[in-house]
Amino acid sequence: MALKDALGARVEWARRRLERLAPSLRERVGEQVQSLQTRLDDLNRRLAEEAVPEERKSSVGRLALERKAASAARRASQMVGAGRRVAGKASAGRKRSSGKTRQTGDDAESS
């Protein structure tokens, strides 16, 4: 039993120690990851600049802008379509809950 208690105490000590260190470790790791991402982005840009011949750079840039424009247009039309569907459902709900109830033949006779 003494060994189990001793091990439990050591585990508890290690857990408390790790809890105190965790925030600073997370911060350091986050900084390192951000630094690595920046370096990789720079490397990627340099490689892309070297890979595309000078005479094609203008056409590559133009094609990229055309793709972005087409993508933005698709997203905009999807958002407009979704907005119309939501507005249609809302107006349909207002039509149903107008406050006036229609009396059926049985209801009309009992009134």
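**Close-up views of a predicted helical chain**

**View A. E66 is partly exposed, at 43% relative accessibility**. The model shown here is predicted. The partner of E66 is R62, and their side chains meet in a salt bridge. The N to O distance is 3.1 Å. Both residues belong to helix α2, which covers residues 54-96. They sit four residues apart, or about one turn of that helix. R62 is also partly exposed, because its relative accessible area of 45% falls between the 20% and 50% cut-offs.

**View B. R15 and E12 pair within helix α1**. Their closest N and O atoms are 2.2 Å apart, and the contact counts as a salt bridge. Why can R15 reach E12 along helix α1? The two are three residues apart, so about one helical turn separates them. Side chains of opposite charge can pair when their charged atoms come close. R15 has a relative accessibility of 39% and counts as partly exposed. E12 is partly exposed as well, with a relative accessible area of 29%.

**View C. E12 also bridges to R16**. This salt bridge spans 3.8 Å from N to O. That value lies within the 4 Å limit for a salt bridge, so the pair is counted. R16 and E12 are four residues apart in helix α1, which again means a separation of about one helical turn. Is R16 buried, partly exposed or exposed? R16 is partly exposed, at 41% relative accessible area.

**View D. A network of salt bridges links four side chains**. Its members are E12, R15, R16 and E19. E12 contacts R15 at 2.2 Å. E12 contacts R16 at 3.8 Å. How many salt bridges does the structure hold? The total is five.

**View E. Four leucines make a nonpolar surface patch**. The residues are L36, L40, L43 and L47. Together they offer about 360 Å² of accessible area. L43 lies in helix α1, which covers residues 2-51. L43 has a relative accessible area of 39%, so this residue is partly exposed. Its 39% clears the 30% threshold for patch members, and therefore L43 can be counted in the patch.

**View F. The whole chain is built from three helices**. There are zero strands. Along the sequence the pattern reads α-α-α. How much of the chain is buried? Buried residues make up 1% of the 111 residues. The chain exposes about 10500 Å². Carbon and sulfur atoms supply 56% of that area.

**View G. Confidence varies along the chain**. The average pLDDT is 78. A score of at least 70 is reached by 72% of the residues. Where is confidence highest, and where is it lowest? Helix α1 ranks highest, with a mean of 88. Helix α3, residues 105-110, ranks lowest, with a mean of 52. The bridges from E12 to R15 and R16 lie in helix α1, and so does L43 of the leucine patch.

Note on methods
Residues numbered from 1 in each chain as written. Predicted model: local features only at pLDDT ≥ 70, side-chain atom pairs only at ≥ 80, totals over all residues. Heavy atoms only, no water. Buried < 20%, exposed > 50% of the residue type's maximum accessible area, 1.4 Å probe, protein only. Areas by Shrake-Rupley, 256 points an atom, 1.4 Å probe, with all protein chains shown as cover. Patch = residues over 30% accessible without salt bridge, like charges linked within 9 Å, V, L, I, M, F, W, Y side chains within 5 Å. pLDDT = per-residue confidence, 0-100.
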